[in-house]
Amino acid sequence: MTLNIVREQTRAVGLKALDRPEIMPFRASPILPPDPTDPRREQLRKTHRTAKASWLYINREEGEDRFGPLPNGYMSKAGDLVASGRRHPLHRYPLKYRTGPVIWEEADAAAALDPAGAAGIHIVASLPRTAPGEWQRLIERYIDDSLVSRGMVVDWAVHALGDDSGGWATHPHVHMIVSARRFRPDMRKGQRQRSWLFNASQIDQAEDAWLAITGLQRLPYTA
């Protein structure tokens, strides 16, 4: 699916429908390897068990991570992939990490030696009431200003799909896979980076920046 198709779907659905997101405006979760001693981590979907698995999932590609082949049921939704890309510090970024899953495979290998540390951060964020043609510009502006400017590498993908009734089969949202480990050999490669998205305060700052740039609001807390 392309942005042009989504533009047509949005005209049929109406921009107002984007004001009623079916997912949280912003959610950031560490990508952690399975741990049989931690029931919460065992319950994580296999498509998000590693950085490589998350990369395959958001790009709607079949493949395998270090634990083996991924269950490919998500491929039945491949038609909802609207656009995707990678943002990185251009002047300092090694060539081999500019495309493909190599950086995520190396992050997973480092996480295997440090099971308590995340291989990466998986952000899922609802898209705002704007024309679909604005989504990529908005996403890349956020990524560049809030993440890449601090040295992070980010793969992003937009998922959206209209349904036959004029609503959304897949409500428009963006996935962002964010590096959590150093990737340059001269910068302690493989070590967990603690200066971004490492604690609740840093994640709150990233969420604040997303809400500011999109105009979305936090969902109210419920008891």
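In this predicted model, D144 is partly exposed, with a relative accessible area of 25%. The side chain of D144 forms a salt bridge with R87, and the closest N and O atoms of this pair are 2.5 Å apart. Because R87 lies in strand β4 and D144 in helix α5, the pair ties together parts of the chain that are 57 residues apart in sequence. R87 has a relative accessibility of 24% and likewise counts as partly exposed. The pair does not stand alone: R87, E140 and D144 are linked in a network of salt bridges.

The count of salt bridges in the model comes to 10. Among them is the pair formed by E105 and K52, with the closest N and O atoms 3.0 Å apart. This pair links distant parts of the chain, with E105 in helix α4 (residues 102–112) and K52 in helix α3, 53 residues apart. The two partners fall into separate accessibility classes: E105 is partly exposed at a relative accessible area of 36%, whereas K52 is buried at 11%. A further salt bridge joins the side chains of D114 and R181, at 3.2 Å from N to O. Here too the linked parts are distant in the chain, since D114 is in the loop between α4 and β5 and R181 is in the loop between β7 and α6, 67 residues apart. D114 is partly exposed, with a relative accessible area of 32%, while R181 counts as buried at 6% relative accessibility. As background, side chains of opposite charge can pair when their charged atoms come close.

Helix α3, which carries K52, is largely enclosed by the rest of the structure, because 8 of its 8 residues are buried. These residues are A51, K52, A53, S54, W55, L56, Y57 and I58. The buried set of α3 thus includes the lysine K52 and the serine S54 along with residues such as W55, L56 and I58. The helix is followed by R60, whose phi is positive, near 55 degrees. R60 is not a glycine, and is found in the loop between α3 (51–58) and β2 (64–65). With a relative accessibility of 6%, R60 counts as buried.

A positive phi in a residue other than glycine also occurs at L197, where the value is near 45 degrees. L197 is placed in the loop between β7 and α6, the loop that also holds R181. The relative accessible area of L197 is 3%, so this residue is buried.

Turning to the nonpolar interior, the largest nonpolar core has 31 residues, and M176 and W210 are those with the most contacts inside it. Two or more residues are given to this core by each of β1 (26–31), β4 (81–87), β5 (120–126), α5 (132–146), β6 (154–162), β7 (168–179) and α6 (200–214). The largest share, 5 residues, comes from α5. A second, separate core has 21 residues, and A51, L70, Y93 and I177 are included in it. A51 is also one of the buried residues of α3. In general terms, nonpolar side chains in soluble globular proteins tend to be buried together.

The surroundings of M176 were examined without its neighbours within four places in sequence. On that basis, M176 is in contact with I121, H122, I123, A125, Y142, I143, L147, V154, D155, W156 and W210. The contacts of M176 therefore include W210, and also the residues H122 and D155.

Helices α5 and α6 also meet directly. Their axes come within 10 Å and cross at roughly 145 degrees, and the crossing is right-handed. On the α5 side the contact is made by L138, I139, R141, Y142 and S146, and on the α6 side by A206, A209, W210, I213 and T214. By class, the contact has 7 nonpolar, 2 polar and 1 charged residues. Y142 and W210, both of which take part in this contact, are also among the residues in contact with M176.

Note on methods: Residues are numbered from 1 along each chain as its sequence is written. This is a predicted model: local features need pLDDT of at least 70, side-chain atom pairs count only at pLDDT 80 or more; totals for chains, interfaces and linings use all residues. Side-chain values use heavy atoms; hydrogens and water are left out. A nonpolar core is a set of buried Ala, Val, Leu, Ile, Met, Phe, Trp, Tyr and Cys residues joined through side-chain atoms within 4.5 Å. Buried means under 20% relative accessible area, exposed over 50%, partly exposed in between (1.4 Å probe, protein chains only). Helices (H or I, at least four residues) and strands (E, at least two) are DSSP runs, numbered from the N terminus. Contact means heavy atoms within 4.5 Å. Axes are lines fitted to C-alpha atoms, for helices over the stretch in contact, and angles run from 0 to 180 degrees between N-to-C directions. A crossing is left-handed if the near helix is turned anticlockwise from the far one by less than a right angle, and right-handed if clockwise. A salt bridge is a side-chain nitrogen of Lys or Arg within 4 Å of a carboxyl oxygen of Asp or Glu.
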